[in-house]
Amino acid sequence: MSTVTPTLDPPIVAVRSARRRVARRTAYAITGLTVVWIAVFLVRITQGDYLISLPDAVRIIRGAEIPGASYILMESKLPRAVLGTGVGVALGLAGAIFQTTLRNELASPDIVGVTLGASSAAVFGIVVLGQSGSVISALAVAGALGVALTVRALADGHNGYRLVLLGIGISAVMSAVIQYLFTRVDEFNATKVLQWLGGSLSNVEWRAIGSLLRARRAGPGRHRLAVEGPAGGRTRRRPACRSRRGAGVCRCPDGPRGHPRRDSPPPSPGRSPSSPSSPAPSPGR
Amino acid sequence: VTGRASRLAIVLLVLAVVASVCSLLIGSRWLAPASLWSALTDGSDPSAGIAQARLDRTLLAAAVGAALALAGALLQGVTRNPLADPGILGINAGASFAMVVAMAGFGISDLGAYVAVAFLGAGLALILVHAVAAAGRDGATPTTLAICGAAVTAVLASATSAVLLLDRQTMESFRFWQVGTVSGRDLSVLTIGAPFLAVGIVLGLLCIRLLDAAALGDDLARGLGRRVGRDRAVVAVAVVLLAGTATALAGPIAFVGLLVPHAVRALAGPGHRTVLPLCLLGGAVLTLLADTVGRVLLPPAEIQVGVMVALIGGPAFVMLVRRGRTVAL
């Protein structure tokens with residue numbers, strides 16, 4: 001959104017410098033975020049109740065056995081850090097895809113009801129069916145998909161405010177279901193429900209990470225398609241479904257998480273280094 | 001006032017009367033219309049207790065519904081955002097968080113104190129949302145308000161569940177407050193809240209011209225001699241009074257503030273001179289009906305009004321949106 005006012009330069013210079021500025025900003029953002037991510041990741045796997053020094057952590061990851069530390073790092077700290085990264089990436093992508101394909105900056109899986117669909121299905125599983133573990137995960141994915149498809153079908157291809165409004169309507173129904181179930185449940189299960197709704201990375205197993213990766217594999221590639229595709233029709237439909245699947249799955253190992261997707265801005269088309277053919281900067285730049 | 005609007009007003013008035021009578025008569029025990037009057041006036045009548053309890057909740061449901069619908073209409077008008085709703089702008093989350101802190105940190109368990117605390121939380125949340133939104137480059141535009149509201153809601157909701165996870169006893173009382181219910185509150189609670197609601201309603205109805213000016217956009221509103229910042233502040237005060245008090249009295253009831261203004265605008269047009277009063281009626285009707293239906297749906301138990309409003313209102317809203325009847329702001 002920088003205001004470029006080259007008063008005296010010939011047009012080509014202006015365009016070149018404007019493009020360069022965008023590219024430079026993109027590079028800064030990517031480098032900065034990567035540095036922050038690495039730093040936070042290292043803090044996550046070394047700090048905590050049980051401290052592991054950085055050299056030890058590196059040695060353990062490369063295969064060395066340190067009694068105690070090895071187990072805690074490999075079975076508790078590392079999975080949580082990896083899953084945290086994965087969940088964040090999935091939700092950020094899901095939000096970005098939603099916002100670009102629907103052309104609405106308010107669109108996000110939680111506003112459009114996908115989050116609540118997953119949550120209500122999971123709470124239903126815990127409270128009414130008395131399930132736990134992977135059944136809950138499956139139910140959450142099914143709930144997310146169900147709500148996504150319902151909203152989609154109800155919107156009849158209208159993607160702007162109509163889809164968001166419908167999503168909000170469905171969300172309200174879903175949260176009413178959750179609230180009602182929450183009053184019906186006994187105290188032990190209430191804690192369980194609340195824990196799930198709160199979103200937690202504790203007790204993560206590597207298996208859960210695998211399912212998240214599988215669900216997200218096609219994400220970024222489809223995203224480019226969505227950005228470059230025509231305004232309507234099938235090309236937009238598929239990526240939106242993908243993003244919902246991503247949001248649904250990362251809900252399942254650890255419950256919903258509130259904000260990351262809105263904090264991460266939708267990547268501008270030019271930001272992906274692998275897409276030189278991405279659309280030219282808009283005339284406003 | 002157009003013909004359509006006055007017809008809608010008459011329909012809503014009739015519905016409001018019917019809904020209140022139904023709310024008095026229907027419940028786990030049916031009160032015959034003939035015995036209702038004696039039960040209400042004669043304290044020694046065997047049904048006196050039931051009639052009194054039903055009268056209390058009828059009044060409360062009507063007041064809360066009217067307040068929430070008016071608050072929604074005000075917010076949608078001033079932000080020019082059809083998605084605005086006391087829930088989306090962080091008011092419910094603020095009230096909930098304040099309640100949880102009061103329950104867990106200070107051990108407050110008195111309904112009168114709940115009202116004050118929830119009210120405070122709602123006000124602080126709205127101020128916070130507005131301050132964060134106004135800090136941006138373009139000021140508090142409708143979109144930044146909605147996004148900041150969603151962000152603040154997310155933060156407060158996380159904080160709320162963090163407190164609840166740590167404190168089992170608070171969770172036990174909170175989970176029954178958070179559905180939104182009008183049962184089990186006696187009239188003394190409503191008398192605490194009534195002055196706030198009255199001031200909020202009067203202030204809200206005084207905003208008619210200001211909202212019609214705001215609908216034209218900030219620049220035109222300024223051109224018409226409005227002071228936009230001050231106008232927004234006035235509306236915000238009215239909304240906090242209405243939504244904060246309603247949430248304090250009955251818990252967070254979502255959706256009334258979203259559905260009713262949309263429905264009223266679709267049926268009677270967008271002018272606030274008709275929308276605001278009709279929202280008062282419509283909100284009361286919706287909450288009364290939801291409360292009454294919730295009493296008879298699962299006979300021995302009772303479905304709380306907050307749940308029923310969403311269950312009835314959700315499909316109605318979907319129909320409204322699908323027909324393309326929502327009027328843009």
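## Ground rules

Helices here are DSSP runs of H or I with at least four residues, and strands are E runs of at least two, both numbered from the N terminus. By that reckoning A:V114 is found in helix α4 of chain A, which covers residues 114–127.

This is a predicted model, in which local features need pLDDT of at least 70 and side-chain atom pairs count only at pLDDT 80 or more, while totals for chains, interfaces and linings use all residues. Residues are numbered from 1 along each chain as its sequence is written, chains are lettered from A and ligands numbered from 1 in the order in which they are written, and side-chain values use heavy atoms, with hydrogens and water left out.

## Chain A at a glance

Let's start with the overall layout. Chain A comes to 11 helices and 0 strands, so its elements, read from the N terminus, go α-α-α-α-α-α-α-α-α-α-α. Of its 285 residues, 43% are buried, meaning under 20% relative accessible area; over 50% is exposed, and in between is partly exposed (1.4 Å probe, protein chains only).

Contact here means heavy atoms within 4.5 Å. Take the contacts in chain A between residues at least 6 apart in sequence: 71% of them join residues at least 24 apart. On the outside, chain A exposes about 14,300 Å², with carbon and sulfur atoms supplying 61% of it. Those areas come from the Shrake-Rupley method with a 1.4 Å probe, and for residues only the protein chains shown count as cover.

## Around helices α4 and α6

Is A:V114 buried or exposed? At 2% relative accessibility, A:V114 counts as buried. Its C-alpha atom is separated by 17 Å from that of A:Q179, a residue 65 places away along the chain. Also in helix α4 of chain A is A:S120, which is buried too, with a relative accessible area of 6%. Leaving out residues up to four places away in sequence, A:S120 touches A:M174, A:V177 and A:I178.

Now over to helix α6 (residues 161–184) of chain A, where A:S171 lies. A:S171 is buried, at 7% relative accessible area. Its side chain reaches the backbone oxygen of A:G167 at 2.7 Å. Beyond its neighbours within four places in sequence, A:S171 is in contact with A:D110, A:I111, A:V112, A:G113 and A:L116.

## Two helices against the ruler

The expected span of a helix is 1.5 Å times one less than its number of residues. Helix α5 of chain A (residues 134–155) has 22 residues and reaches 32 Å from its first C-alpha to its last, close to the 32 Å expected. Its buried residues include A:I136, A:A140, A:V147 and A:L154. Just after α5(A), A:D156 takes a positive phi of about 55 degrees.

In chain B, helix α11 (residues 228–250) has 23 residues that should span 33 Å, and its end C-alpha atoms are 33 Å apart, which agrees. Right after α11(B), B:G251 takes a positive phi of about 85 degrees.

## A nonpolar patch

Which residues form a nonpolar patch on the surface? They are A:W37, A:I38, A:L42, A:L54 and A:V58, with about 430 Å² of accessible area together. The elements giving two or more residues to the patch are α1 (11–46) and α2 (54–61) of chain A, and α1(A) gives the most, with 3 residues. A:L54, in helix α2 of chain A, counts as partly exposed at 41% relative accessibility.

Patches are made of residues with over 30% relative accessible area and no salt bridge; like charges are joined within 9 Å, and nonpolar side chains (Val, Leu, Ile, Met, Phe, Trp, Tyr) within 5 Å. A salt bridge is a side-chain nitrogen of Lys or Arg within 4 Å of a carboxyl oxygen of Asp or Glu.

Terms used:
Polar contact = N/O pair within 3.5 Å; in protein donor to acceptor, adjacent residues only side chain to side chain.
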